[in-house]
Amino acid sequence: MAGCSCNVPLWPFILAHLWLSVWGFQAALGGQWITHSYAWMNFSIVALGCWTVGQEKMKENCLMLVISLIIGFIFDIVFIAVYNNNNYWNCGKSGYVACGNSRSEYIWSYVMAIINCILKIVTLIFAICEYKKRGGKTPNVKASVSVS
């Protein structure tokens with residue numbers, strides 16, 4: 001990422017996050033597989049991404065998007081890990097409680113939430129490139145290791 005001369009726009013990534021956020025939260029509407037804070041966080045990141053795409057000359061928007069993507073990635077891991085309920089994986093099998101949604105709908109939402117979390121890292125790389133392209137400065141960290 002030294003040169004960061006990529007000319008890929010951010011809007012396809014933001015659109016993909018919108019789709020994946022909707023699909024990831026889909027099964028939560030019938031039954032509670034994940035909290036509503038997951039939706040608030042992801043839709044806020046999408047809104048900030050739309051704002052960043054619309055304001056092409058402001059580097060501060062890109063910096064806010066970069067920070068929110070990092071925080072969102074960490075929170076996604078927590079949300080998905082904490083609110084994964086094994087009863088949903090075993091819907092319809094004897095001995096388990098019945099689910100509000102079908103098993104396939106839960107698995108679909110769960111996988112879309114994971115893909116959304118992974119896509120945040122890719123979006124983060126392109127958001128940093130966009131930040132540099134708009135004139136932002138990143139710290140120049142040079143690691144010097146001496147082994148004696």
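Axes here are lines fitted to C-alpha atoms, taken for helices over the stretch in contact, and the angle between two of them runs from 0 to 180 degrees between N-to-C directions. The exercises below use a predicted model.

**Exercise 1. How do helices H1 and H2 pack, and what is the angle between them?**

Step 1. Recall the two quantities. Two packed helices are described by the angle between their axes and the distance between the axes.
Step 2. Read them off. Helix H1 covers residues 11-25, and its axis lies 9 Å from that of H2, at an angle of about 165°.
Step 3. Apply the cut-off. Angles over 145 degrees count as roughly antiparallel, so H1 is roughly antiparallel to H2.
Step 4. Add the handedness. The crossing of H1 past H2 is left-handed.

**Exercise 2. Which elements make up the secondary structure of the chain?**

Step 1. Count them. There are 5 helices and 0 strands.
Step 2. Write the order. Along the sequence the pattern reads α-α-α-α-α.
Step 3. Look at burial. Of the 148 residues in the chain, 38% are buried.

**Exercise 3. What should helix H2 span, and how far apart are its end C-alpha atoms?**

Step 1. Take the length. H2 runs over residues 36-54, which is 19 residues.
Step 2. Use the rule. The expected span is 1.5 Å times one less than the number of residues, so H2 should span 27 Å.
Step 3. Compare. The end C-alpha atoms of H2 are 27 Å apart, in agreement with the expected value.

**Exercise 4. Is Leu48 of H2 buried or exposed?**

Step 1. Place the residue. Leu48 belongs to helix H2.
Step 2. Test the area. Buried means under 20% relative accessible area. Leu48 has 14%, so Leu48 is buried.
Step 3. Set Leu48 among others. The buried residues of H2 also include Tyr38, Met41, Ile45 and Thr52.
Step 4. Check a partner in space. The C-alpha atoms of Leu48 and Met64 are 7.9 Å apart, while 16 residues separate the two in sequence.

**Exercise 5. Which residue meets Lys120 in a salt bridge?**

Step 1. Start with the total. The structure holds 3 salt bridges.
Step 2. Find the pair. The side chain of Lys120 meets that of Asp76, at 2.5 Å from N to O.
Step 3. Locate both ends. Lys120 sits in helix H5 (residues 103-133) and Asp76 in helix H3 (residues 59-82). The pair is 44 residues apart and links distant parts of the chain.
Step 4. Check burial. Lys120 is buried at 1% relative accessible area. Asp76 is buried too, at 0%.

**Exercise 6. Which residues do shared salt-bridge partners join into one network?**

Step 1. Take one bridge. Lys133 and Glu130 meet at 3.5 Å, N to O.
Step 2. Place that pair. Both lie in helix H5, 3 residues apart, about one turn of the helix. An α-helix has 3.6 residues a turn, so residues three or four places apart point the same way.
Step 3. Take another bridge. Arg134 bonds with Glu130 in a salt bridge whose closest N and O atoms are 3.0 Å apart.
Step 4. Join them. Shared partners unite Glu130, Lys133 and Arg134 in one network.
Step 5. Compare exposure. Lys133 is partly exposed, at 46%. Glu130 is buried, at 13%, and Arg134 is buried as well.

**Exercise 7. How many disulfides are there?**

Step 1. Recall the bond. A disulfide is a covalent bond between the sulfur atoms of two cysteines.
Step 2. Apply the cut-off. The sulfur atoms must lie within 2.5 Å. The count is 0 disulfides.
Step 3. Look at two residues. Cys62 is buried at 0% relative accessible area, and Cys117 is buried at 7%.

Methods
Residues are numbered from 1 along each chain as its sequence is written. This is a predicted model: local features need pLDDT of at least 70, side-chain atom pairs count only at pLDDT 80 or more; totals for chains, interfaces and linings use all residues. Side-chain values use heavy atoms; hydrogens and water are left out. Helices (H or I, at least four residues) and strands (E, at least two) are DSSP runs, numbered from the N terminus. Buried means under 20% relative accessible area, exposed over 50%, partly exposed in between (1.4 Å probe, protein chains only). A salt bridge is a side-chain nitrogen of Lys or Arg within 4 Å of a carboxyl oxygen of Asp or Glu. Angles under 35 degrees count as roughly parallel, over 145 as roughly antiparallel, 65 to 115 as roughly perpendicular and the rest as oblique. A crossing is left-handed if the near helix is turned anticlockwise from the far one by less than a right angle, and right-handed if clockwise.
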